[in-house]
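Q: Could you take me through one part of this model in some detail? I would like to look at where the two chains meet.

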Protein chains: 2
Amino acid sequence: MVKTAAVSLLALAGLASAFVPTTTNFRSANRWTIKAKDTSFTRNLMMKLGADDKVILIGVAADSGCGKSTFMRRLTNIFGGSNVGPLGGGFDNGGWETNTLVSDTTTVICLDDYHANDRSGRKVTGRTALEAAEQNFDLMYEQLKALKEGKTVAKPIYNHVNGTLDRPEEVVPTPIVIVEGLHPWYDARVKDLLDYTIYLDISDEIKRAWKIQRDMAERGWTLEQVEAEIEKRKPDFNKFVGPQKEVADSVIQVLPTELTNDPEGKILRVRLIQKETGDYQPVYLFDQGSTVSWIPCGTKLTCSYPGIKLGSGPDRWFDNAVNVVEMDGQFDKLEELAYVEKHLGNTASKYDGEITAQMLKNKGAPGTLNGSGLFQTIVSLKIREVYEKLSGKKVDASVKAPVAA
Amino acid sequence: MVKTAAVSLLALAGLASAFVPTTTNFRSANRWTIKAKDTSFTRNLMMKLGADDKVILIGVAADSGCGKSTFMRRLTNIFGGSNVGPLGGGFDNGGWETNTLVSDTTTVICLDDYHANDRSGRKVTGRTALEAAEQNFDLMYEQLKALKEGKTVAKPIYNHVNGTLDRPEEVVPTPIVIVEGLHPWYDARVKDLLDYTIYLDISDEIKRAWKIQRDMAERGWTLEQVEAEIEKRKPDFNKFVGPQKEVADSVIQVLPTELTNDPEGKILRVRLIQKETGDYQPVYLFDQGSTVSWIPCGTKLTCSYPGIKLGSGPDRWFDNAVNVVEMDGQFDKLEELAYVEKHLGNTASKYDGEITAQMLKNKGAPGTLNGSGLFQTIVSLKIREVYEKLSGKKVDASVKAPVAA
């Protein structure tokens, strides 16, 4: 229940499923419910890794655990992966219980699959799924290392509906492997395998606003029940998951708007916090290295209330020098985004307007009109930059083609 | 006393005399005391107006009345006037009592010369020099109209030292004629003659800070005396002078810094408020029409405390749509200005870096390191743009040559 709730929270922010069941759901138990027209996915859609191909491993941490499929779709679009769907068949489970998402070029592994015990096992240990001791870091490390070496692995499956550890599925390496979950770089050995790390940081206020809205309005919970649920989860989250954000290469932080009073958390202030690593230049607004705030709504761009406010500037994030880009509010139209894009630097885009073009590919997806969509897209471009740098290959931005040329 | 005090206040802001008596003063009574090496000025330095030349008339209003010679020097530099000095000889007064400043291309007339009565006359009327009834607007209008028509006039001289109206001096029209004083567009007829209007708006807080600093520290006044002097001047100023700022094409507003606590008024927040007339595009920072704030000090530019903060955006100024550019703080070095200049648009500069180059010509002048120097220079470029548009001539920006080509 805790897990499912967290996933739904992210859906509200546009950080979660684009696979919304607008048509037929096949099994609601399936983590990757897909539309009827998408049922033709099979494993042969996966691009085989060439002999000289490197596997780039990306870590995505969030409270939700897994389910950030809008973000994954944005990412696979950028890598030319036009087909995105659940891993189409493990050994004999028919693919319907999988947490693994694949495209032509990318594989997204949910780290819940590395839970050490199933739900009944945790009743014995008395620990929550948030605790480090409930993760099988040894196996996680071994299998991610093997994937990086181009080897196929038999990965366990954690069934979120009945809380069981199901029979493993075969995962074949692709040029990009993304691991998402609660503890992608909690373990130092796993951390060393990751080429880039992204932390999705939903503030307590926003988590609370969304939870109240959904659990009270839709499920009939009392405010006390909602508050208790939030408080119950906090200590382990803050002990085992939260600290990972301190060292992430990029953090996408979702906060309440400062433009107006919005207790429902519908208008978001989203910040992209990027480490100044030297390897990859952080995105900035107008002028690298200086502090800028910008309200683009004015004489040229007419935005409806409460408008949009952006900001950018160097800052400290725990022990690291970072650059922060911020967007409060949301676009009325994607033309406004095109206008904003012109004034962003170091976006790693391959042509003018690529961010807007990428966002248009996911026009209806949640978060597209606010900072979460914008920064997910920017981070996706950054990951492409990481991939190109580490693999020595170029991703063709003009067509939806597989990665390696 | 009131007048002299006001002039000195402006000197502190860098809005006043660059002709500081660093070497020999010839007569302290002279409004335009000049250095020994400059004594060769004679009237034949003035450029004769060609048959097809237009006279462009610019109005500069300020509490000081007259004495903004740093501003005038910035302006004459931009117009290629390399020689700036007092009008060198009226009928027989030897030029030493003149308030008129001339360069190769420009003439600066102090409107105090159009006082209706001398000091003893005002004792009879009981009015202050700030009152409209104490100005001879009929003569002001007639003579400025004549100058615009290319005619030479015999302008009265108001002697600021002994408060007398001295024998008139001959003023020959030049391509640019600037009238500065308390009431340059109080009279509707005179206002209609002006091609561009600039109001220098020193805030009450700054006036007060400077006055306290000077009159208490240097003249031994009590705080009560200083306050009384300020309060005495206010009603007439607010009635007859202040309202002109509501309709100025450009206002340079000098305010206390918001970066730190500075009761002495040494660090200034200066705003350039430009009317959206349609004829001339206002200067902006980064992105025309939107609201931007910018702290350039950061990783690239290292500024000492309290640094620099700039801003830009559309606003309302009384009944008019305006764009405001603001600078708080001061440059440590002129390289910082060069960096800032790159991000300003619509400056009417003729080449990249012209603002910085122009400010380097007046490197030691007061105000060069803060917003007053920057915005004086920008307004000077704007006046060049006005001149070029109205005269149909081009000013050569590459050399210090006379205006008309």
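Which residue in β12(B) is the bridge partner of Thr291(A)?

A: Happy to help. This is a predicted model, in which local features need pLDDT of at least 70 and side-chain atom pairs count only at pLDDT 80 or more, while totals for chains, interfaces and linings use all residues. Residues are numbered from 1 along each chain as its sequence is written, chains are lettered from A and ligands numbered from 1 in the order in which they are written, and side-chain values use heavy atoms, leaving out hydrogens and water.

The partner you asked about is Ile295(B), which lies in β12(B). That bridge belongs to a pairing between strand β12 (residues 291–295) of chain A and β12(B), which run in the antiparallel sense over 5 bridges. Strands here are DSSP runs of E with at least two residues, numbered from the N terminus, and two strands pair if DSSP finds at least two bridges between them.

Now for the interface around these strands. In chain B, 17 residues are in contact with 17 residues of chain A, where contact means heavy atoms within 4.5 Å. Together the chains bury about 1400 Å², 48% of it on carbon and sulfur atoms; buried area is the accessible area (1.4 Å probe) that two parts lose on being put together, summed over both. On the chain B side, Phe286(B), Asp287(B) and Thr291(B) lose the most area to chain A, together 30% of what that side buries. Strand β12 (residues 291–295) of chain B gives the largest share of the side touching chain A, with 5 residues.

What about the chemistry between the chains? The rule finds 11 residue pairs in polar contact across this interface, both residues at pLDDT 80 or more. A polar contact is a pair of N or O atoms within 3.5 Å; within protein, one must be able to donate a hydrogen and the other to accept it, and residues adjacent in sequence count only if both atoms are side-chain atoms. By contrast, 0 salt bridges are found between chain B and chain A, a salt bridge being a side-chain nitrogen of Lys or Arg within 4 Å of a carboxyl oxygen of Asp or Glu. The chain B residues on this side divide into 7 nonpolar, 8 polar and 2 charged; Ala, Val, Leu, Ile, Met, Phe, Trp, Tyr, Cys and Pro count as nonpolar, Asp, Glu, Lys and Arg as charged, and the others, Gly among them, as polar.

Conventions
Helix = DSSP H or I, 4+ residues; strand = E, 2+ residues; numbered from the N terminus.
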